[in-house]
Amino acid sequence: MKTKLLFFILLTVIFNSNYIFSQAPKWTVDLGEPIKTSEFMKDGELLFFTSGEYAWCYNSATGTEVWSMEIPDFSETGISYLLGEMFLTNSDNKLQAYDATTGNLLWEKEYEDIDQSDFMSFEFIDNNALRIGGLRVGNISDF
């Protein structure tokens, strides 16, 4: 009886340890910055990270870096938002949109008399709209 009980306990330990090790991360990376946001894209194929003025995209399965960037003149108080596969961010008095899967700039628009610290919210009003101060800047599709 003791032998059967010990054998059962041993099998349970082996099974549980295999399960625990199978759940461990397959890769890790030190970004050198604390992660502020992380999102999966393309049905989990890509993993997107931000930390202030830095953004990264990694292959989820392999941990291979797809692209990385430092946004010049980034303001912590301005917009930094992933909308689907479009990364909306700010630089000085500009709003910018990047393809979050490639890191390529899709568009940028400069605004006079707008301070990034006046950014209030990204809202779904009719279409996607940015609100900076009391001003509704426009629909994302207008850029």
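Strand S7, residues 94-99, pairs with S8 in the antiparallel sense, and five bridges join the two. Within this pairing, the bridge partner of Gln96 is Glu108 in S8. I should state at this point that we are looking at a predicted model.

S7 and S8 belong to an open sheet of four strands, ordered S5-S6-S7-S8, with antiparallel pairing. The edges are formed by strand S5, residues 81-83, and strand S8, residues 105-110; each has a single partner strand, so one side of each is left without a neighbour in the sheet. From one strand to the next, the twist averages 20°.

Let me turn to the strands that come earlier in the chain. S1 and strand S2, the latter covering residues 46-51, also pair in the antiparallel sense, over five bridges. Here Phe40 stands opposite Leu47 in S2. The hairpin of S1 and S2 has four residues between the strands, and in this hairpin Lys42 takes a positive phi near 50°.

Next, the nonpolar interior. Which residues have the most contacts inside the largest nonpolar core? They are Met41, Phe48 and Phe87, in a core of 13 residues. S2, S3 and strand S4, residues 65-70, are the elements that give two or more residues to this core. A second, separate core has eight residues, among them Ile79, Met86, Trp107 and Tyr111.

Phe48 deserves a further word. Setting aside its neighbours within four places in sequence, Phe48 is in contact with a list of residues that includes Thr37, Met41, Ala55, Trp56, Cys57, Trp67, Leu82, Phe87 and Ala100. Phe48 is also part of a cluster, in which ring pairs link it with Trp67, Phe87 and Tyr98. Phe48 and Phe87 thus appear in the ring cluster and among the residues with the most contacts inside the largest core.

I close with the aromatic pairs, of which the structure holds six. One of them is formed by Trp27 and Tyr58, whose rings are stacked, with 5.9 Å centre to centre and 25° between the planes. Trp27 lies in the loop between helix H1, residues 2-22, and strand S1, residues 37-41, whereas Tyr58 lies in strand S3, residues 54-59, so the pair ties together parts that are 31 residues apart in sequence. Is Tyr58 buried or exposed? Tyr58 has a relative accessibility of 5% and therefore counts as buried, the cut-off for that class being under 20%.

How values were computed:
Residues numbered from 1 in each chain as written. Predicted model: local features only at pLDDT ≥ 70, side-chain atom pairs only at ≥ 80, totals over all residues. Heavy atoms only, no water. Pairing = 2+ DSSP bridges. Axes fitted to C-alpha atoms, helices over the stretch in contact; angles between N-to-C directions. Phe/Tyr/Trp six-rings, centres within 6.5 Å; stacked < 30°, edge-to-face > 60°. Buried < 20%, exposed > 50% of the residue type's maximum accessible area, 1.4 Å probe, protein only. Core = buried A, V, L, I, M, F, W, Y, C linked by side-chain atoms within 4.5 Å. Contact = heavy atoms within 4.5 Å.
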